[in-house]
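Please open the structure in your viewer and keep the selection tool at hand. We will go from stop to stop, and at each one you will be told what to select and what is there.

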Amino acid sequence: MASEWIEVARVDECPSGSSCERVAADRIVALFNVDGVFHALDGVCPHQGGPLGKGCLRGSIVTCPWHGWQFDVRTGQHQLSASFRQPRLNVKIEHDRVWVEIAPGS
């Protein structure tokens, strides 16, 4: 089964330096705008389910608002554990709309 592209926001809904939380195919998505480049991660923090899309974004690092876990939004890399990455989603921009790719079964 092929992956599916789902529109999650307008470009102007997530200005540079900000983040937002969206739902795509029953999945919570954390969307980030780092200097005009959009990135998306699974929006549920693996620590205790905190909302990464509502976290504080500084540069390319998001801090979960619940317990402070930090991830690089470009790669999903956890900032304290080299072996742990938060799942990333592919992002594309078309006609001022932000789309994320959802793989089957994800």
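Is Arg10 buried, partly exposed or exposed? With a relative accessibility of 37%, Arg10 counts as partly exposed, where buried means under 20% relative accessible area, exposed means over 50%, and partly exposed lies in between (1.4 Å probe, protein chains only). Before going further, note that this is a predicted model, in which local features need pLDDT of at least 70 and side-chain atom pairs count only at pLDDT 80 or more, while totals for chains, interfaces and linings use all residues. Residues are numbered from 1 along each chain as its sequence is written, and side-chain values use heavy atoms, with hydrogens and water left out.

**Stop 1: salt bridges**

Keep Arg10 selected and add Asp12, with which Arg10 forms a salt bridge whose closest N and O atoms are 3.1 Å apart; the term stands for a side-chain nitrogen of Lys or Arg within 4 Å of a carboxyl oxygen of Asp or Glu. Asp12 is exposed, at a relative accessible area of 56%. If you now add Glu13 and Arg22 to the selection, you have a network of salt bridges that links Arg10, Asp12, Glu13 and Arg22. In the whole structure, a search finds eight salt bridges.

Next, select Glu21 and Lys54, another salt-bridged pair, with 3.9 Å between the closest N and O atoms. This pair links distant parts of the chain, since Glu21 is in strand E2 and Lys54 is in the loop between E4 and E5, 33 residues apart; strands (E, at least two residues) and helices (H or I, at least four) are DSSP runs numbered from the N terminus. Glu21 is partly exposed at 29% relative accessible area, whereas Lys54 is exposed at 58%.

Then select Arg27 and Asp42, whose salt bridge has its closest N and O atoms 3.4 Å apart. Here too distant parts of the chain are linked, with Arg27 in strand E3 and Asp42 in strand E4, 15 residues apart, and in this pair both Arg27 and Asp42 are buried.

**Stop 2: the loop between E7 and E8**

Stay with Asp42 and add Gln86, which is found in the loop between E7 and E8. Why does Gln86 count as buried? Gln86 counts as buried because its relative accessibility is 3%. A polar atom of the Gln86 side chain lies 3.0 Å from the backbone oxygen of Asp42, and the side chain of Gln86 also reaches the backbone oxygen of Val44, at 2.9 Å. Leaving aside neighbours within four places in sequence, Gln86 is in contact (heavy atoms within 4.5 Å) with residues including Leu41, Cys45, Leu52 and Phe71.

Now move to Arg85, which lies in the loop between strand E7 (70–72) and strand E8 (88–89). The Arg85 side chain reaches the backbone oxygen of Thr75 at 3.4 Å, and the C-alpha atoms of Arg85 and Thr75, ten residues apart along the chain, are separated by 7.5 Å.

**Stop 3: the nonpolar cores**

Select Ala24, Leu31 and Val100, the residues with the most contacts inside the largest nonpolar core, which has 14 residues; such a core is a set of buried Ala, Val, Leu, Ile, Met, Phe, Trp, Tyr and Cys residues joined through side-chain atoms within 4.5 Å. The elements that give two or more residues to this core are strand E1 (4–10), strand E2 (19–24), strand E3 (27–34), E4 and strand E10 (97–102). Apart from this core lies another, of eleven residues, among them Ala30, Val62, Cys64 and Phe71. In soluble globular proteins, nonpolar side chains tend to be buried together.

**Stop 4: two backbone angles**

Finally, select Asp26 and then Asp96. Asp26, in the loop between E2 and E3, has a positive phi of about 65° although it is not a glycine, and Asp26 is exposed at 81% relative accessible area. Asp96, placed in the loop between strand E9 (91–94) and E10, likewise has a positive phi, of about 60°, without being a glycine, and Asp96 is exposed at 56%. Most residues other than glycine have a negative phi.

Terms used:
Polar contact = N/O pair within 3.5 Å; in protein donor to acceptor, adjacent residues only side chain to side chain.
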